[in-house]
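Let's take a walk through this one together, from the overall layout down to a few single residues. Keep the viewer open and follow along.

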Amino acid sequence: MGFTMGLNLLLLIAMVATNILSLYHLSSTLQSTKPQPLQPVPDHLLHQLNTIRATINHLTRHQPNPTTTTHRTSPPDLLLYSRISPIASSCHNHPDLLNTYMNYTPFSLCPHDTDLAETLILHGCHPLPRRRCFSKTPPKPSNSLPLNPFPTSLPDSNVIWSKYNCKTFSCIVHNYPKMGFDMSLEQTSFTVYRSELDLPIPQLLQIASHANSVLRLGVDIGGGTGTFAATMKLHNVTIVTTTMNLNAPYNEAVALRGLVPLHVPLQQRLPVFDGVVDLVRCGHAVNRWIPVMMMEFLLFDVDRVLRGGGYLWLDHFFSKGTDLDKVFTPLIGKLGYKKVKWATADKTDSKNGDVYLTALLQKPVPK
Ligand SMILES: *[C@@H]1O[C@H](CO)[C@@H](O)[C@H](O)[C@H]1NC(C)=O
């Protein structure tokens with residue numbers, strides 16, 4: 001009881017305080033008859049507001065919730081971490097997973113739970129809290145790492161295989177030939193023109209060079225084993241690849257090819273600054289399965305990181321034919337990009353009447 005009353009009182013104080021703050025704003029704008037630069041809020045008011053916010057957050061987080069009272073208490077390192085760094089709000093939607101993940105002995109070996117990290121990230125708990133333990137690494141990694149991004153084979157000894165059905169790369173290649181691990185197949189996947197939906201890299205480079213738009217840096221969203229980055233590396237273009245370890249060691253494969261794997265999910269804000277990259281490619285992973293609203297945020301985040309004159313390449317985006325016309329084409333149109341290439345075709349392996357779109361779009365240069 002006392003707790004709830006205290007909280008209510010605090011909320012009341014907070015409401016009054018925020019109203020004082022907004023009044024302060026209002027009065028300072030009313031006073032100024034001529035347009036003046038906005039007056040900064042005095043530090044002590046900001047400080048007060050922040051303290052109130054922090055207290056409320058703290059209390060609401062520790063308020064005994066009838067549905068979760070059966071929970072064991074949070075692991076000490078989770079409490080410690082949450083005091084020094086914010087935790088993504090989606091993490092709180094999975095308290096059991098999060099508690100298990102953070103329940104470890106500091107300064108010793110981490111529990112063997114790499115799946116848990118992946119699961120939490122895919123549920124939107126990203127960035128994951130840091131941990132103070134030693135994560136397991138392969139016991140006898142190979143020193144002879146390939147310099148070539150298309151090696152004949154990738155060293156098996158550099159992967160912890162326990163969570164996968166396959167225990168070698170050749171097993172993956174044999175059982176799942178199209179997952180991107182067959183380097184001989186990968187060699188040509190971005191250089192051959194099979195249909196209008198393809199945009200071979202030599203052609204992409206030619207388009208950019210004709211437009212006087214140099215390609216040096218890029219991001220490949222959902223780039224699997226990093227074959228786009230590998231092919232671009234041969235043209236001295238640096239591409240970082242976002243990829244998840246869904247049923248196979250994709251991140252390790254990218255790294256073993258000497259490329260940069262970013263372990264971030266599709267819903268994550270791209271970890272690069274505004275206007276710094278020349279090219280963003282969205283592969284197969286970006287498709288109609290992503291909710292439209294999330295897709296809109298994704299596209300505008302791509303716009304944020306692209307420089308003026310940079311390119312967005314939607315590579316084999318698939319959706320229902322009617323949705324492409326009614327939903328996705330208008331959505332893509334919101335960016336106001338120039339259509340350099342726009343090719344659609346039926347997705348032959350689809351039972352739902354899906355269509356493919358491959359589009360190369362150029363971000364306008366601000367005038
Ligand atoms: C890439 O850079 C290297 C070293 O500067 C150079 O020798 C090579 O010709 C370049 N390759 C391409 C395709 O531009």
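What follows starts with the whole chain, moves to the sheet and its strands, and ends with a pair of helices.

First things first: this is a predicted model. The chain has 367 residues, and 25% of them count as buried. Its secondary structure comes to 12 helices and seven strands. If you look at contacts with a sequence separation of 6 or more, 67% of them link residues that sit 24 or more positions apart.

Now for the sheet. It is open, it has seven strands in the order 3-2-1-4-5-7-6, and its pairing is mixed. Which strands stand at the edges? Those are strand 3 (260-262) and strand 6 (338-346); each has a single partner strand, so one side of each has no neighbour in the sheet. On average, and ignoring direction, neighbouring strands here are turned by 15° against each other.

Let's step inward to strand 1, which covers residues 217-221 and has four of its five residues buried. On one side, strand 1 runs parallel to strand 2 (residues 238-242), with four bridges joining the two. To find the register there, pick D220: its bridge partner in strand 2 is T241. How does the chain get from strand 1 to strand 2? It goes through helix 9 (residues 227-233), making a β-α-β crossover that is right-handed.

Strand 1 also pairs with strand 4 (residues 277-282), again in the parallel sense and over four bridges. In this pairing, G218 stands opposite L279 of strand 4.

Is strand 4 enclosed or open to the outside? Six of its six residues are buried, so strand 4 is largely enclosed by the rest of the structure. From strand 4 the chain passes through helix 11 to strand 5, and this β-α-β crossover is right-handed. Strand 4 and strand 5 (residues 306-320) run parallel, with five bridges between them. One pair to click on is C282 and its bridge partner in strand 5, L314. The connecting helix packs on the sheet too: helix 11 touches strand 1, strand 4 and strand 5, and its direction makes about 155° with that of strand 5.

While you're at helix 11 (residues 292-305), have a look at M293, which lies in it. Why does M293 count as exposed? There are 8 other C-beta atoms within 10 Å of its own, and the cut-off for exposed is 12 or fewer. For a distance to check, the C-alpha atoms of M293 and L331 are 9.8 Å apart, with their positions 38 residues apart along the chain.

Last stop: a helix pair. Two packed helices are described by the angle between their axes and the distance between the axes. For helix 4 (residues 95-102) and helix 5 (residues 114-122), the angle is about 140° and the axes are 10 Å apart. Their crossing is left-handed. Helix 4 brings L97, L98, T100 and Y101 to the contact, while helix 5 brings L116, A117, T119 and L120. What kinds of residue make up this contact? Six are nonpolar, two are polar and none is charged.

Notes. Residues are numbered from 1 along each chain as its sequence is written. This is a predicted model: local features need pLDDT of at least 70, side-chain atom pairs count only at pLDDT 80 or more; totals for chains, interfaces and linings use all residues. A residue is buried if 20 or more other C-beta atoms lie within 10 Å of its own, exposed if 12 or fewer, and partly exposed in between; C-beta atoms are placed from the backbone. Two strands pair if DSSP finds at least two bridges between them. A crossover is right-handed if, with the strands pointing away from the viewer, the path from the first strand over the helix to the second runs clockwise. Two residues are in contact if their C-beta atoms, placed from the backbone, lie within 7 Å. Axes are lines fitted to C-alpha atoms, for helices over the stretch in contact, and angles run from 0 to 180 degrees between N-to-C directions. A crossing is left-handed if the near helix is turned anticlockwise from the far one by less than a right angle, and right-handed if clockwise. Ala, Val, Leu, Ile, Met, Phe, Trp, Tyr, Cys and Pro count as nonpolar, Asp, Glu, Lys and Arg as charged, and the others, Gly among them, as polar.
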